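Work through the exercises below with the model open beside you. Try each task before you read its solution.

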Amino acid sequence: MQTLIDLLWHEKRDALYSVGLGALSGLTAVALFAMSGYMISKAALAPPFYTILILTSFLKLFGAVKSSSRYFERVISHRVTFQALSRIRLHFFEQLQPHVPQLFSKYRSGDLLARFVGDVEALQNFFLRVVYPPLVTAVVFLATIFFSLFFSVWIALALLIGILLVSVVIPVILSKRLTKYDVLEKRAALSTETAEYFAGYRDLRLHQQAKNKQQSLERLQHMYEQEQHRNSRVQVWSQTLNAGVASFSAFAVLAAGAYLVSTGELNGLYLAMLTLVALTSFESAIPLANTPTYFHESNQAMERLEFLDKEPLPIKDHSLLVAESYTLMVNQLIYSYPEALRPVLNNISLTFPAGSSTVIVGASGSGKSTLLQLLAGMIMPTSGEILYNGQDISNVQEESLWQQTGIQLQSSHFFYGTVRENLALAHASATDEELQQALEKAQLPLDLDASVFERGENLSGGEKQRLSLARLFLQRAKVWLLDEPFTSMDSFTEERLSSELKQHLNGGTVIMISHKLNGLEEVDQIVVMDHGEIKEVGSFEELVARQGLFYEMLEIENQIV
Ligand SMILES: Nc1ncnc2c1ncn2[C@@H]1O[C@H](COP(=O)(O)OP(=O)(O)OP(=O)(O)O)[C@@H](O)[C@H]1O
């Protein structure tokens, strides 16, 4: 909540103006009705014509001030809200950014979307319906009670009791009931499951599970609706009590006034005026009926949005020192995924000399991709160090690291748009000719203006892989980290592409994961991994001669071929 107040504080000037204008509008509304009441009573006594004329002029003045101040108050208060919302979005986006590579290990995409769209949106009510109404009501009531004191202490007391009930007693009681409900949490659960349902719809249909999933979605929707229903029931109660107290207070003012008139303590001329003052001033307290609900909702939205703040991030304030080439070293590296019971990489030490080529092989799940992501600085080691030319990358800003590295992961993301836009991701200023050349090198005969659907849905597995290789052909890096770049290709395309790639990567330090063991004779170093450990390191010839794990795997591959 403190963060929200801090973010809103940036708009303090406009917020103050809108509260001032709101108070002015509320006060002139009270004055308008007070004057009307007084005028009606006065008119009954047949006063001189000029008295009516003066009173009517005041009525017109109050009416004009009320409408214009209300108009400007609306303009400014909405400006405050939208500017604060944009600050809030920016703030949470900045908080989110450093967590991005690992974010989806911890949070589901539907949940993140619910937080950054729905929860941020819920905060638009914070100023308009939580901060603003109590301030305006306080000003209006202070002035009204002070004004009433000139006529009767009892009438002022009736107003004071009424406003205390509306602004303190009712909200406090209802807030206790509201804390039981969590509409945002239920909405997030529904949106998380719905996002997954759409993403996996094809598989659900194929396995005849769409109906089951649909039923569980319906259950979530029902829970969400019930929570909304309970929440709105509290809101309706709040509005009813608010209106009841307002009417009762106005009645109390009328009754007290009538009694005081009968005892001669109050001039009857003011009775209608004071009753109308009470009725109108409680009108400015109507929005208070929604304050507990919106306060509770804003509180919950902030709690859901501050989920990342609690996790301190390492400070990365160094840049990678620029060099002609890089030797990569890994020292006693241990890595455990968050909340995993055992480390996935166990005490790994390796050297990748500058300009050398290394292929990492090993059984599925042995930790190859994890090691590559660590080398790329996408995840941080649990312990141990990763050095680029002796420089520890734990405090190096990712951008400076990624300027020197060309990375291809097992799967790349393709954005909805054109082939050109998807390629430009790797080299924003590349000319059409350069983009075309990259496509040719990647053996991908696609038009630059051809459409790409979300996640590359209209591309085959091999085409996706070649499109991401085309991105690599547009880059000039000194370290290349490639995770199985040819898995979805036929042998002929793989052969042609791999010789193109070899030429392109020439001179850089290349580390590539592969499941194919044949054809590695020219590679400088082969690393064999098993269960998160390095089992063997050496050239093809050395490993074959050793007749260890690599040799066994090669034998099996040869038998299968
Ligand atoms: N984000 C993650 N969160 C938790 N565990 C993970 C995560 N990614 C991978 N793992 C686990 O870490 C282990 C190593 O995974 P990794 O992807 O590094 O293996 P790999 O050798 O590259 O496998 P493959 O050859 O099948 O791609 C696996 O047991 C996997 O279940």
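Two strands count as paired if DSSP finds at least two bridges between them. Keep in mind that this is a predicted model.

**Exercise 1.** Find the order of the four strands in the open sheet.

Solution. Step one: trace the strands across the sheet. The order reads β2-β1-β4-β5, with antiparallel pairing. Step two: look at the edges. β2 (345-352) and β5 (391-392) each have a single partner strand, so one side of each lacks a neighbour in the sheet.

**Exercise 2.** Work out how β1 and β2 pair.

Solution. Step one: locate β1 at residues 328-335. Step two: count the bridges to β2. There are five, in the antiparallel sense. Step three: pick one bridge. Val330 has Leu350 in β2 as its partner.

**Exercise 3.** Place helix α13 against the sheet and the ligand.

Solution. Step one: see what the helix crosses. α13 lies across β1, β2 and β4 (383-388), at about 120° to β1. Step two: turn to the ligand. Helix α13 (residues 368-375) gives the largest share of the shell, three residues. Step three: list some of the shell. Among them are Ser105, Tyr337, Gly367, Lys368 and Thr370. Step four: sort the shell by class. It holds three nonpolar, eight polar and one charged residues.

**Exercise 4.** Describe how domain 1 and domain 2 meet.

Solution. Step one: set the bounds. Domain 1 is 2-305, and domain 2 is 328-404 + 477-560. Step two: take the contact. Four residues come from domain 1 and four from domain 2. Step three: class the domain 1 side. It has one nonpolar, two polar and one charged.

Key: Residues numbered from 1 in each chain as written. Predicted model: local features only at pLDDT ≥ 70, side-chain atom pairs only at ≥ 80, totals over all residues. Domains from an automatic or database assignment. Contact = placed C-beta atoms within 7 Å. Nonpolar A, V, L, I, M, F, W, Y, C, P; charged D, E, K, R; others polar. Near = placed C-beta within 6 Å. Helix = DSSP H or I, 4+ residues; strand = E, 2+ residues; numbered from the N terminus. Axes fitted to C-alpha atoms, helices over the stretch in contact; angles between N-to-C directions.
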